[in-house]
Amino acid sequence: MRLIVKNGKRDTIEYMMLTMKEIVSSSQWDAFVLANAPQALFQSWSWGEVAKKLGQKMWRLGWYQGDTLVGVGQVVKVSARRGTFLHFRHGPVLSRSVYWNEILKDVQALAKREKAWFIRVSPQVADSQENIVLFKQMGFVPAPIHAMDA
């Protein structure tokens, strides 16, 4: 993937290739979430255990740049009246926003395999103009949601 990264007055091109793997280590998972989004309760390993006990189909995905973990996302498959969808409640959690596009490709592939109608993300990021533009460029639209994540 080719990204333009502003570096002072000069633009440089950064190439990155992320690898998605399922994470099985609770300590690795929680350390990353605590370092990057400690307020993201629904991305904690413990919350995933609750989802599993409730019988929800879920995945704990990690994205690596080389050997470095740069993002995690606990995603649950939801079957609702409005259709089947994948939900990253309070996630995904990324170390840098430049990883969104690459991660989205993997998530779209998972959604297709699971026959999901759409992907819902609710990351704990600032409600800034920069983030609004970023999500709009990726094709996300604001969605009404009840106070469940408030």
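**View 1. Lys 115 in the loop between helix α3 (100-113) and strand β8 (118-123).** The model is a predicted one, in which local features need pLDDT of at least 70 and side-chain atom pairs count only at pLDDT 80 or more, while totals for chains, interfaces and linings use all residues. Residues are numbered from 1 along each chain as its sequence is written, and side-chain values use heavy atoms, with hydrogens and water left out. Helices (H or I, at least four residues) and strands (E, at least two) are DSSP runs, numbered from the N terminus. Although Lys 115 is not a glycine, its phi is positive, at about 60°. Lys 115 is exposed, with a relative accessible area of 66%, where exposed means over 50% relative accessible area, buried under 20% and partly exposed in between (1.4 Å probe, protein chains only).

**View 2. Salt bridges of Glu 114 with Lys 57 and with Lys 77.** A salt bridge is taken here as a side-chain nitrogen of Lys or Arg within 4 Å of a carboxyl oxygen of Asp or Glu. At 14% relative accessibility, Glu 114 counts as buried, whereas Lys 57 is partly exposed at 43%. In the salt bridge between Glu 114 and Lys 57, the closest N and O atoms are 3.0 Å apart. Because Glu 114 lies in the loop between α3 and β8 and Lys 57 in the loop between α2 and β4, this pair ties together parts that are 57 residues apart in sequence. The side chain of Glu 114 also meets that of Lys 77, with an N to O distance of 3.0 Å. Here the partner Lys 77 belongs to strand β5, so the pair ties together parts that are 37 residues apart in sequence. Lys 77 counts as partly exposed, at 24% relative accessibility. Elsewhere, Glu 49, Lys 52 and Arg 60 are joined into one network by salt bridges that share partners.

**View 3. The salt bridge between Glu 49 and Lys 52 in helix α2.** The two side chains meet with an N to O distance of 3.6 Å. Glu 49 and Lys 52 are separated by about one helical turn, because they stand 3 residues apart in α2. An α-helix has 3.6 residues a turn, so residues three or four places apart point the same way. Both members of the pair are partly exposed, Glu 49 with a relative accessible area of 28% and Lys 52 with one of 45%.

**View 4. The buried face of helix α2 (residues 45-53).** The buried residues of this helix are Trp 45, Gly 48 and Ala 51. Seen down the axis of α2, they fall within an arc of 110°, so they line one face of the helix; the arc is that of the directions from the helix axis to the C-beta atoms. These buried residues pack against α1 (26-36), β4 (58-65) and β5 (68-80), a contact being defined by heavy atoms within 4.5 Å. Just after α2, Gly 55 takes a positive phi of about 85°.

**View 5. Polar contacts of Gln 74 in strand β5.** A polar contact is a pair of N or O atoms within 3.5 Å; within protein, one must be able to donate a hydrogen and the other to accept it, and residues adjacent in sequence count only if both atoms are side-chain atoms. Gln 74 counts as buried, at 3% relative accessibility. A polar atom of its side chain lies 3.2 Å from the backbone oxygen of Phe 42, and the side chain of Gln 74 also makes a polar contact of 2.8 Å with the side chain of Arg 60.

**View 6. Backbone geometry at His 90 and at the Gly 91 to Pro 92 peptide bond.** His 90, found in strand β6, has a phi near 65°, a positive value in a residue other than glycine. At 5% relative accessibility, His 90 counts as buried. The peptide bond that joins Gly 91 and Pro 92 is cis, with omega about 0°, and Pro 92 is found in the loop between β6 (83-90) and β7 (93-94).

**View 7. The setting of the close-ups in a protein of 4 helices and 8 strands.** Read along the sequence, these elements follow the pattern β-β-β-α-α-β-β-β-β-α-β-α. Of the 150 residues in the protein, 41% are buried. A search of the whole structure finds 4 salt bridges.
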